[in-house]
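Hi everyone, thanks for having me. Could you pull up the model on the screen so that we can walk through a few spots together?

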Amino acid sequence: MEILNLDNITIKFGGLTAVKDFKLELQHGELVGLIGPNGAGKTTVFNMISGIYTPSTNKIYFQNRDITGMKPDRIAKLGIARTFQNVRLMDNLSVIDNVMIGFHLHLHSNLASAIFRFPGYVREEEGIYQKSIELLHKVDLEFNKEVQAGSLPYGQQRKLEIIRALATRPKLLLLDEPAAGMNPQETKELMGFIQKIRKDFDLTILLIEHDMKVVMGICERIIVLNYGQTIAEGNPAEIQHNPEVIKAYLGVEAQYA
């Protein structure tokens, strides 16, 4: 079942074409990698899917619904969550508060209920708290729930950011360089974590990553961008030996052989 369709979208900033005629079809449950050199347009694609940018031409469909030009919060409520290249946690808030923020996207109580702490709001908050604990348990962070998020080791901050995204109840998860800055052991744990959450949460995942060991190790299909255009698409073996890909990456094939 198709969950996402980017129908040959193009985006221009002034006279510069950042992404041109980009086509993507994601099927439910897929784990797909989007790779390319710096400046290839990968994050721009994520920004269009998540509503930060609007394509200059053509449409984006999520579960057969046209989401082109929708605001980011509305797109998030429909079921698309994302992380960013740089960790974006509320550093001064506790670990559990960061997760609860994600759940608040679907909070039914209004502002007045929160201010006066009506029984319905209190019950809803208690439920969110318990659900947050359950999510933190999946990354062994429940015992650090009251710790300030900014004081966590970097690898745990990355996982917390993903957990916060999961709290929004996504169907599609966009991961923008989740292994950036991680050491080899953290990267290995992250690979297993991504595969686990895909299964546990019945997710479709689109992943941007420069660490080719991560991409080749967990992605079933890979799309390669260069100068805003797709130059290759296929399974890891096909991409690894594609001459255009090797040329675009200046011969780094040996690094992920």
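Let's start with a warm-up: is tyrosine 53 buried, partly exposed or exposed? Keep in mind that this is a predicted model. Okay, tyrosine 53 comes out as partly exposed, because its relative accessible area is 29%, and buried would need a value under 20%. Phenylalanine 13 is partly exposed too, with a relative accessible area of 38%.

Now, I picked those two for a reason. The count of aromatic pairs comes to 1, and the partners are phenylalanine 13 and tyrosine 53. Their rings sit edge-to-face, 5.1 Å centre to centre, with 70° between the planes. Phenylalanine 13 belongs to strand β1, residues 2-13, while tyrosine 53 is in the loop between α1 (42-49) and β4 (60-62), so this pair ties together parts that are 40 residues apart in sequence.

Here's another ring to look at. Find phenylalanine 193: the charged end of lysine 159 sits over its ring, 5.6 Å from the centre.

Last stop, helices. When two helices pack, people describe them by the angle between the axes and the distance between the axes. Take α3, residues 95-103, and α6, residues 154-166: the axes come within 7 Å and cross at roughly 30°. That crossing is right-handed. Who makes the contact? On the α3 side we have Val95, Asn98, Val99 and Gly102, and on the α6 side Leu160, Ile163 and Arg164. Sorted by class, that contact has 4 nonpolar, 2 polar and 1 charged residues.

That's my tour, so over to you.

Definitions and conventions: Residues are numbered from 1 along each chain as its sequence is written. This is a predicted model: local features need pLDDT of at least 70, side-chain atom pairs count only at pLDDT 80 or more; totals for chains, interfaces and linings use all residues. Side-chain values use heavy atoms; hydrogens and water are left out. Rings of Phe, Tyr and Trp (its six-membered ring) pair if their centres lie within 6.5 Å; planes under 30 degrees apart count as stacked, over 60 as edge-to-face and the rest as tilted. Helices (H or I, at least four residues) and strands (E, at least two) are DSSP runs, numbered from the N terminus. Buried means under 20% relative accessible area, exposed over 50%, partly exposed in between (1.4 Å probe, protein chains only). A charge sits over a ring if NZ of Lys or CZ of Arg is within 6 Å of the ring centre and within 35 degrees of the ring normal. Axes are lines fitted to C-alpha atoms, for helices over the stretch in contact, and angles run from 0 to 180 degrees between N-to-C directions. A crossing is left-handed if the near helix is turned anticlockwise from the far one by less than a right angle, and right-handed if clockwise. Contact means heavy atoms within 4.5 Å. Ala, Val, Leu, Ile, Met, Phe, Trp, Tyr, Cys and Pro count as nonpolar, Asp, Glu, Lys and Arg as charged, and the others, Gly among them, as polar.
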